Amino acid sequence: MEVIIQSSQENASVLAAQMVARLIRSKPEAVLGLATGSTPLPFYRELIRMHREEALDFSAVTTFNLDEYVGLGPRHPASYYRFMQENLFEHINIRPELAFIPDGMASDVPASCLEYEARIRDAGGLDVQILGIGSDGHIGFNEPISSLASRTRIKTLTPRTRLDNARYFATPEEVPHHVITMGIGTIMEARQVLLMGFGANKADALAAAIEGPVSAQVPASVLQFHPRAHVLIDEAASGKLQRTEYYRHVFNNKPVWQQVS
Ligand code: GLP
């Protein structure tokens with residue numbers, strides 16, 4: 001795991017976008033795993049800027065989103081489908097038929113989860129998975145005690161996650177109880193993982209994930225087993241970490257060939 005501490009969310013997001021842009025330029029048919037929430041917004045803005053100003057080409061890229069609320073259709077303002085259209089897809093030249101999001105309206109949820117997994121496999125697997133982190137350490141919507149080997153499936157949200165996400169809904173009661181999420185096993189098969197976390201309210205979850213024991217109580221801690229995981233955070237989010245000096249030293253002393261920007 002590589003922990004990269006930047007002075008601001010903006011700087012960390014630009015760095016993450018540079019890493020993804022480099023991947024797309026070297027592999028135009030790259031397969032990206034994407035995330036929602038407030039965390040990746042500046043990252044998406046930078047990808048859009050690169051598309052407009054630096055001709056970053058998404059025409060052969062395939063994307064798979066992590067998760068979706070059960071019962072929310074594509075037009076619901078809080079659906080992740082809508083989030084992705086508004087915050088990324090409408091602004092780049094991605095082919096709509098290559099941008100996949102779990103189907104929150106599926107009549108047969110287990111079958112649609114199996115199909116989602118098959119689609120990822122058929123696309124050749126995820127080259128990189130973008131992740132945020134929940135205040136309880138969840139990734140995607142894999143809440144604490146999710147199996148570390150889980151695949152795409154239905155999950156029940158914790159009251160805390162429903163409350164955290166209530167800001168996207170007209171009233172807190174409207175937040176669905178159920179979601180479809182890629183599993184932790186699915187995420188772990190991505191060839192690279194980029195987790196972003198910003199702000200003091202993520203500091204505890206990040207400290208537990210990065211420096212705590214690997215445990216299903218903190219789903220993001222499983223990334224300690226990932227051979228190529230980058231964690232990009234800002235100062236506030238690094239507040240509870242013990243080894244920040246070492247993380248900074250590593251980043252500032254990388255061999256040139258290993259530098260990320
Ligand atoms: C939701 C999403 C996660 C995201 C988390 C954090 O639960 N399913 O993928 O990481 O929210 O959200 P935010 O980035 O808004 O803090």
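## Secondary structure and a positive phi in Ala55

Helices and strands are taken here as DSSP runs, of at least four residues in state H or I for a helix and at least two in state E for a strand, and they are numbered from the N terminus. The model described is a predicted one. In these terms, Ala55 belongs to the loop between H2 and S3. Its phi angle is near 55°, which is a positive value in a residue other than glycine. With a relative accessibility of 61%, and because the exposed class begins over 50%, Ala55 counts as exposed.

A second residue of this kind is Ile145, whose phi is near 75°, again a positive value in a residue other than glycine. Ile145 sits in the loop that runs between strand S6 (128–131) and strand S7 (153–156). The relative accessible area of Ile145 is 62%, so this residue is exposed.

## The nonpolar cores

The largest nonpolar core holds 70 residues, and the members that touch the most other members are Leu32, Phe43, Leu47, Leu88, Phe89, Ile130 and Leu195. Among the elements that supply this core, helix H1 (residues 9–26) gives the most, with nine residues. For Ile130, once residues up to four places away in sequence are set aside, the contacts are Val20, Gly33, Leu34, Ala35, Phe43, Leu66, Leu194 and Met196. Apart from the largest core lies another core, made up of 10 residues, which include Tyr69, Tyr80, Ala166 and Phe169.

## Aromatic pairs

How many aromatic pairs does the structure hold? There are seven aromatic pairs in the structure. In one of them, the ring centres of Phe64 and Phe100 are 4.9 Å apart and the ring planes meet at 15°, so this pair is stacked. The partners come from distant parts of the chain, with Phe64 in strand S3 (residues 62–65) and Phe100 in strand S5 (residues 99–100), 36 residues apart. Both Phe64 and Phe100 are buried.

A tilted pair is formed by Tyr69 and Tyr80, with 5.0 Å from centre to centre and 50° between the planes. This pair also links distant parts of the chain, since Tyr69 is in strand S4 (residues 67–69) and Tyr80 is in helix H3 (residues 80–87), 11 residues apart. Tyr69 is buried, as is Tyr80, and these two tyrosines form one aromatic cluster together with Phe141 and Phe169.

## Helix H3 and its neighbours

Tyr80 leads on to the surroundings of its helix. In H3, the residues Tyr80, Phe83, Met84 and Gln85 are buried, and what covers the buried residues of H3 includes strand S2 (31–34), H2, S3 and S4.

How are H2 and H3 oriented to each other? Helix H2 (residues 41–54) packs with H3 at an angle of about 40°, and the two axes are 10 Å apart. H2 and H3 are therefore oblique to each other. On the H2 side the contact is made by Leu41, Tyr44 and Ile48, and on the H3 side by Phe83, Met84 and Asn87. By class, the residues of the contact of H2 with H3 comprise five nonpolar, one polar and no charged.

## Loop residues and long-range separations

Three further loop residues can be described by their accessibility and by the spatial distance to a residue elsewhere in the chain. Ser8 lies in the loop between strand S1 (2–6) and H1, and at 24% relative accessibility this residue counts as partly exposed. Although Ser8 and Asp234 are 226 residues apart in sequence, their C-alpha atoms are 5.1 Å apart in space.

Gly134 occupies a place in the loop between S6 and S7. Because the buried class takes in residues under 20% relative accessible area, Gly134, at 7% relative accessibility, counts as buried. Leaving out residues up to four places away in sequence, Gly134 touches Lys202 and Ala205. The C-alpha atoms of Gly134 and Gly37 are separated by 9.5 Å, while the two residues are 97 residues apart along the chain. Glu173, in turn, is in the loop between helix H5 (159–164) and strand S8 (178–181), and with a relative accessible area of 63% this residue is exposed. The C-alpha atoms of Glu173 and Ala17 are separated by 35 Å, and the two residues are 156 residues apart along the chain.

Technical notes:
Residues numbered from 1 in each chain as written. Predicted model: local features only at pLDDT ≥ 70, side-chain atom pairs only at ≥ 80, totals over all residues. Heavy atoms only, no water. Core = buried A, V, L, I, M, F, W, Y, C linked by side-chain atoms within 4.5 Å. Buried < 20%, exposed > 50% of the residue type's maximum accessible area, 1.4 Å probe, protein only. Contact = heavy atoms within 4.5 Å. Phe/Tyr/Trp six-rings, centres within 6.5 Å; stacked < 30°, edge-to-face > 60°. Axes fitted to C-alpha atoms, helices over the stretch in contact; angles between N-to-C directions. Parallel < 35°, antiparallel > 145°, perpendicular 65-115°, else oblique. Nonpolar A, V, L, I, M, F, W, Y, C, P; charged D, E, K, R; others polar.
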